[in-house]
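Here's a walk through a protein model, starting with the overall layout and ending in its pocket. Keep the structure open beside you as you read.

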Amino acid sequence: TYKVSTQISRLLVKDDVLVERVKKRKALKTEVSNLYNIRSKLVHQGKIKVKDIKPFKNLEEAVLKARMIVREINLTLMALLSGNKFEDIIDSVIFS
């Protein structure tokens with residue numbers, strides 16, 4: 001969960017102001033972690049409890065947020081790959 005949420009937040013959050021970038025990355029990392037925990041419980045236990053979706057209004061909101069994040073990841077990667085800049089992807093995820 002830690003690696004996935006950290007890498008996603010590094011890939012998606014680009015802000016020129018360091019303080020804002022850190023705040024946005026932290027918020028996205030928390031959201032991704034919450035979503036990943038829901039996914040993990042569904043996959044490994046076959047069910048979730050009400051407390052698992054507490055960070056969200058309801059399960060539908062969690063699903064919509066997950067879809068939005070996956071869409072944003074896809075668009076970001078397509079944009080980076082369209083310029084044949086694999087190094088940019090690595091830089092974006094690891095060194096930003």
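What follows goes from the fold to one helix, then to the core and the pocket.

First, a word of caution: this is a predicted model. Counting up the secondary structure, you'll find 4 helices and 0 strands, so to read along the chain from the N terminus is to read α-α-α-α. Of the 96 residues in the protein, 25% are buried. As for how the chain meets itself, take the contacts with a separation of 6 or more: 54% of them join residues 24 or more positions apart.

Now pick out α2, which runs over 18–45. Does its length fit what you'd expect of a helix, or what would you compare it with? Count 1.5 Å a residue, and the 28 residues of α2 should span 40 Å; the C-alpha atoms at its two ends sit 39 Å apart, so the two figures agree. Just past the end of α2 comes G46, with a positive phi near 80 degrees.

Which residues of α2 are buried? They are R25, L28, V32, S33, L35 and I38, so an arginine and a serine are on the list along with the nonpolar side chains. The cover over these buried residues includes α1 and α3.

Those helices turn up again in the largest nonpolar core. This core has 14 residues, and the ones that touch the most other members are I8, L12, L28, I69 and I73. Two or more residues come from each of α1, α2 and α3. To see how the helices meet here, click on L12: setting aside its neighbours within four places in sequence, L12 is in contact with L28, I69, E72, I73 and T76. L28, you'll remember, is one of the buried residues of α2.

Last stop, the largest pocket, with a volume of about 270 Å³. It has 15 lining residues, and V32, L35, Y36, R39 and A66 are the closest to its centre. The elements that give two or more residues to the lining are α1 (2–12), α2 (18–45) and α3 (59–82). Which of them gives the most? That's α3, with 7 residues. By class, the lining has 14 nonpolar residues, no polar ones and 1 charged residue. Two of the residues closest to the centre, V32 and L35, are also on the buried list of α2.

Notes: Residues are numbered from 1 along each chain as its sequence is written. This is a predicted model: local features need pLDDT of at least 70, side-chain atom pairs count only at pLDDT 80 or more; totals for chains, interfaces and linings use all residues. Side-chain values use heavy atoms; hydrogens and water are left out. On a 1 Å grid over the protein atoms alone, a cavity is a set of points where a 1.4 Å probe fits but cannot get out, and a pocket is an open set with protein on both sides within 12 Å along at least five of seven lines; lining residues have an atom within 4 Å of a point. Grid points are joined across faces, edges and corners, and a volume is the space filled by probe spheres set on the points. The expected span of a helix is 1.5 Å times one less than its number of residues. Buried means under 20% relative accessible area, exposed over 50%, partly exposed in between (1.4 Å probe, protein chains only). Contact means heavy atoms within 4.5 Å. A nonpolar core is a set of buried Ala, Val, Leu, Ile, Met, Phe, Trp, Tyr and Cys residues joined through side-chain atoms within 4.5 Å.
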